[in-house]
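The following exercises are to be solved with the sequence and the structure at hand. Each task is followed by a worked solution.

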Amino acid sequence: MTNVNLIDRYRRKFLGGIAAATGAALAPGILLREAGANPHDQAVSNKVRWGMLIDTNKLKDGGDAMVAACKKEHGWGDEPNSKPEQQGQWARKVTFQDKASDHKVSLPVMCQHCEEPPCVDVCPTGASFKRDDGIVLVDKHICIGCRYCMTACPYNARSFVHENLENQKPHSPRGIGTVESCNLCVHRVDAGKQPACVEAAADAVIFGDLNDPSSTISKSLKKYEAQQIRADLGLNTGVRYWGI
Amino acid sequence: MTKWRYLLALMLSLLLLACSHEQESTLTPTLMAAQKQFETVEQRDLHIAEMRTNHMNLLKHKRDRTVYQGIRTPKHSLNGCIDCHVPVPTVNKTVKHTDSEHFCMTCHVELAVKIDCFQCHADRPPVSEKAVKP
Amino acid sequence: MQRTDFHEIEISSRRFYSILVTLAGVLVAAAYAFFYMESQGHFVTGMNNQVVWGLPHVVAIFLIVTASGAANVASLGSVFNKPAYQPYGRISLVLAMSLLLGGLLVILLDLGHADRLIIAMTHFNFDSVFAWNILLYSGFFVIMGLYLWSIMDRTATAKRCYQPLAYLGFVWRFILTAGTGSIFGVLVAREYYDILMMAPLFIASSYLIGTACFSLVLLLLYKLEGRQLSEVIKSRLAISLCLCIVVVTLIELARHLLNYFIMGYTAVEVFVLRDAGAVTLMFWLGQVVIGLVLPIILLYLPSVKRSRLAIASTLIMLGGLCQLYVIIIGGQLQPLRLFPNAVTETSGNLDIAYSASLPELMLSLGGVAITLFVFTIAVKVLRLTPANS
Ligand code: SF4
């Protein structure tokens, strides 16, 4: 019996004790987080619902900068082996011309963080889920790669990783055989920062708490008429647009 | 009857073989040194002992807290392990999880336990913005 | 009632093993294809972010739907009390189980993470139709297995369980097929799949394809043994096929008319029925002409008596495969419109096209091969085949 193994045993007992003690202390301590200032160590709460409001009139480039910022932040879209339609695509620029007005509008489209996300309903394992603060995510640990969520998404917002990846960003794990999509830069939000795309188009996009009536985003939503894409589906999206 | 005796003997010897291998494996392979070192030997040994038996549970527990609750403290964070146990890539050398000298792989190859952490997670510390330009 | 004796099929070992070896060859190729896809990733397939389900899913769902229909002969014998079908109940059940096995394997092996099968069993999201289907499929094996036991065992317990199990099996098949159709039906964003019609369509098609598959297999089995299948059962199968063709045609017709005129899904109907190239061809030529029109003519024409059942069954199965291809691939090929009132709409990497690659084809064939492999062994080692009818 080596020395290490002895320590092992002692350690295990010791740890068990600690775990029990801290567990008891932590349970009632589910603190509510102030929107904006988020210490890393508190669980997210459903008092908050994160959302984003994009003013397409103010977007000079139709969202190119936002898409580029997302790409840089998460490192998707340059998979060497995948064909173009197999590449990761968390956000894309969509341009459309209205029938009545002939008006051309470009806007970035990504996961709309629905309140009633169809992807979450259909996922067999529960890997697609909505966090308490409204962010729709894939738990890639339990995603089996069935792609059901991709067919269910009305926005084409999801992509499947079609090959082995290397050198991912430490803050944005993504890998073969799992489905991915915009996660509202959850790692930044948890650190109290704004998503990368919002920073890239600061004067055209407002990010904030939809549940808080006094937040800038809520006030702006009320003041102007902001739209959802495919509002007819009744999904109550967290990403809203002006001027579409 | 003899047939069974042979079979029994075979199984026994296989069992012995398996046990003898078990004994061998208490000799751990040499691991890559961590970037940061503990102040005392006791601290280090405790860390080794805890991690050797429990790292998978700690990581898994933390993983769920991070994914579902957004708790991203440094304690038991996989990125934290990697930052300390895998060297920062340099122009000349990058240690990847496909190399057997990679901290995690050294044991996992030895014990033939496959992990899929690095299909998604970064297997090396990030290169700082400045250092990336040659 | 006349007593039926059952026996293991009588074919020479050489023949038996050569069938198995041939099938094993396909299986090895399929296994290779699977490992290739698994290690390289799905970029080696024709599937992409728009057409996420490809040929493997078409074949897998074809096999699953056929499985449910193939068990129909057993139900006809027990639930509907048609003695003429009773001798074939055993074969029907074993065929159904083998088909389901083949279909399930293909679906599982095409997962992005087939190695996480255990997660699919331990993490259940009960809102998901997919999760229900996992339960329905597992249940199918159990129920059909028990049902088969109640037919084959001579104990009093088995006899007592026979009727209840027969009913359970019948209901379960119904739900299973409806559930499989609902996989597509619940996708609100995809207009081509409308829940109202998807479930009945799948149920009707499953009867049609399943009966066709059963007829073909039964004929092959008798041919292997060098026996003649009785004319009675042949004509009964032909009649049920005709009936099913009529029902499927009516439901398909209703579905398209409903989509076009009532639901207002004109764009997708026009797309699939006119503009989708290969898929359109597959609909008109494959599903309609080969799968529905030709077989019914063939089954009604008395002049081509010889092997008309075999030919018609083959055509029906081909048509069924086309039908599922049109539903699954065609439904995904139609681009999703974010702005229904827009004249034009362009966006990122969204070229939508699909053509199956070799590994996908191999994997799909593997599903068929495993079905036949299991079935061949079963009829060789179990007393399934009626000896005197
Ligand atoms: S691909 Fe993953 S996240 Fe999507 S439905 Fe399947 S298991 Fe869920």
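**Exercise 1: the surroundings of C:A387**

C:A387 lies in the segment that follows β3 (385–386) of chain C, strands being DSSP runs of E with at least two residues and helices runs of H or I with at least four, numbered from the N terminus. The model is predicted: local features need pLDDT of at least 70 and side-chain atom pairs count only at pLDDT 80 or more, whereas totals for chains, interfaces and linings use all residues. Residues are numbered from 1 along each chain as its sequence is written, chains are lettered from A and ligands numbered from 1 in the order in which they are written, and side-chain values use heavy atoms, with hydrogens and water left out.

Task: determine which residues C:A387 touches, not counting residues up to four places away in sequence.

Solution. Step 1: apply the contact criterion, heavy atoms within 4.5 Å. Step 2: list the partners of C:A387, which are C:D5, C:F6, C:H7 and C:R227. Step 3: compare sequence and space; C:A387 and C:I9 are 378 residues apart in sequence, yet 8.8 Å apart in space, C-alpha to C-alpha.

Task: classify C:A387 as buried, partly exposed or exposed.

Solution. Buried means under 20% relative accessible area, exposed over 50%, and partly exposed in between (1.4 Å probe, protein chains only). Because its relative accessible area is 33%, C:A387 is partly exposed.

**Exercise 2: the interface of chain C and chain A**

Task: describe the contact between chain C and chain A by residues and area.

Solution. Step 1: 53 residues of chain C are in contact with 54 residues of chain A. Step 2: the buried area (accessible area, 1.4 Å probe, that two parts lose on being put together, summed over both) is about 4500 Å², and carbon and sulfur atoms give 56% of this area. Step 3: on the side of chain C, C:F43, C:N49 and C:L338 lose the most area to chain A, together 16% of what that side buries.

Task: find the salt bridge across the interface of chain C and chain A.

Solution. Step 1: require a side-chain nitrogen of Lys or Arg within 4 Å of a carboxyl oxygen of Asp or Glu. Step 2: the rule finds one salt bridge across this interface. Step 3: the side chains of C:D110 and A:R147 meet in a salt bridge, at 2.9 Å from N to O.
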